[in-house]
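Open the structure in your viewer and keep the sequence panel visible. The tour below says what to select at each stop and what is found there.

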Amino acid sequence: MAGRTSTTAGKVTKKTAAKPTAAEPTLLSGGNPEIAKGYGDAPVQAYISAMPGWKSDIGRRLDALITHTVPGVSKAVKWNSPFYGMEGQGWFLGIHCFTNYVKVAFFKGAALNPLPPGASKQKDVRYLDIREDDPFDEAQIASWVEQASRLPGERM
């Protein structure tokens, strides 16, 4: 019996002592990457790289557009979503992956002209859902980003 206990303990020890491999980030519900909270460009780029399939390209395009449109934009990953904002003014935009689309949330979107198409339960928030085969209206998205960056942001 002592031998059996020892062998079983050895097997458990081997499993728990195994070094973790450098794995891809876990994808949560809807394919949203699980990325640790962090501030700056690095966690946002980690999130974008982990976005599955065609969504990663959309993430890169959005990040490039936001960075070009709003020089000096602040970035962070919070609640497994990239956030963009202005230093000392709060966050104006967030991105989140869902199964069939990427959601862009404009936190003060009700003040944008024209309104982004997606309504929210929160009166100030408006959404843009980007699906795989949707046209990417860079000029319109840039206009919304520029307008949103000038509004007071959300403190989260």
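Select S81 first. With a relative accessibility of 7%, S81 counts as buried, because the limit for that word is under 20%. The model on your screen is a predicted one. S81 belongs to strand β3. Show its side chain and look for the backbone oxygen of I95, which the side chain reaches at 3.4 Å. Now display the residues in contact with S81, leaving out those within four places in sequence: N32, Y47, A76, I95 and H96.

**The turn before β3**

Move to N80, in the loop between β2 (74–78) and β3 (81–86). Which backbone atom does the side chain of N80 reach? The partner is the backbone nitrogen of I35, at a distance of 3.0 Å. If residues up to four places away in sequence are set aside, N80 touches L28, N32, P33, E34, I35, Y47 and H96. N80 is not a glycine, yet its phi is positive, at about 60°.

Next select W79, also placed in the loop between β2 and β3. Its phi is near 50°, again a positive value in a residue other than glycine. Is W79 buried or exposed? W79 is exposed, since its relative accessible area is 60% and the limit is over 50%. Zoom out a little to see the hairpin that β2 and β3 form, with two residues between the strands.

**Strand β2 and its partners**

Select residues 74–78, which make up β2. Five of the five residues of this strand are buried, so β2 is largely enclosed by the rest of the structure. Turn the view along the strand: S74, A76 and K78 point one way, while K75 and V77 point the other way.

How many bridges join β2 to β3? There are five, and the two strands run antiparallel. To see one facing position, select S74 and find G85 of β3 opposite. Strand β1, residues 38–39, also pairs with β2, in the antiparallel sense and over two bridges. Here G38 stands opposite V77.

**Helix α2**

Select residues 41–50, helix α2, and colour its buried residues: P43, V44, Y47, I48 and A50. What do these buried residues pack against? They pack against β1, α3 (54–69), β2, β3 and β4 (90–97).

**Aromatic rings**

A search of the whole structure finds five aromatic pairs. For one of them, select F83 and W91: the ring centres are 6.1 Å apart and the planes lie at 70°, so the pair is edge-to-face. Both F83 and W91 are buried. Add W79 and F107 to the selection, and you have the cluster that ring pairs form from W79, F83, W91 and F107.

Two further rings have a charge over them. Select R61 and F136: the charged end of R61 sits over the ring of F136, 4.0 Å from its centre. Then select K103 and Y127, where the charged end of K103 sits over the ring of Y127 at 4.1 Å from the centre.

**Salt bridges**

Keep K103 selected and add D129. These residues form a salt bridge, and their closest N and O atoms are 2.9 Å apart. D129 lies in strand β6 and K103 in strand β5, so the pair ties together parts that are 26 residues apart in sequence. K103 is buried, with a relative accessible area of 15%, whereas D129 counts as partly exposed at 25% relative accessibility.

The structure holds five salt bridges. Another joins the side chains of E154 and K108, at 3.0 Å from N to O. E154 is in the segment after α4 (138–149) and K108 is in the loop between β5 and β6, so this pair ties together parts 46 residues apart in sequence. E154 is partly exposed, with a relative accessible area of 26%, and K108 counts as partly exposed at 27%.

Now select R150 and E146, whose salt bridge has its closest N and O atoms 2.6 Å apart. R150 is exposed, with a relative accessible area of 57%, while E146 counts as partly exposed at 30%. Select D41, D63 and K75 as well: salt bridges that share partners join these residues into one network.

**Last stop**

Select N113 and P114. A cis peptide bond joins them, with omega at about -10°. P114 is placed in the loop between β5 (101–106) and β6 (126–131).

Methods:
Residues are numbered from 1 along each chain as its sequence is written. This is a predicted model: local features need pLDDT of at least 70, side-chain atom pairs count only at pLDDT 80 or more; totals for chains, interfaces and linings use all residues. Side-chain values use heavy atoms; hydrogens and water are left out. Helices (H or I, at least four residues) and strands (E, at least two) are DSSP runs, numbered from the N terminus. A polar contact is a pair of N or O atoms within 3.5 Å; within protein, one must be able to donate a hydrogen and the other to accept it, and residues adjacent in sequence count only if both atoms are side-chain atoms. Contact means heavy atoms within 4.5 Å. Buried means under 20% relative accessible area, exposed over 50%, partly exposed in between (1.4 Å probe, protein chains only). Two strands pair if DSSP finds at least two bridges between them. Rings of Phe, Tyr and Trp (its six-membered ring) pair if their centres lie within 6.5 Å; planes under 30 degrees apart count as stacked, over 60 as edge-to-face and the rest as tilted. A charge sits over a ring if NZ of Lys or CZ of Arg is within 6 Å of the ring centre and within 35 degrees of the ring normal. A salt bridge is a side-chain nitrogen of Lys or Arg within 4 Å of a carboxyl oxygen of Asp or Glu.
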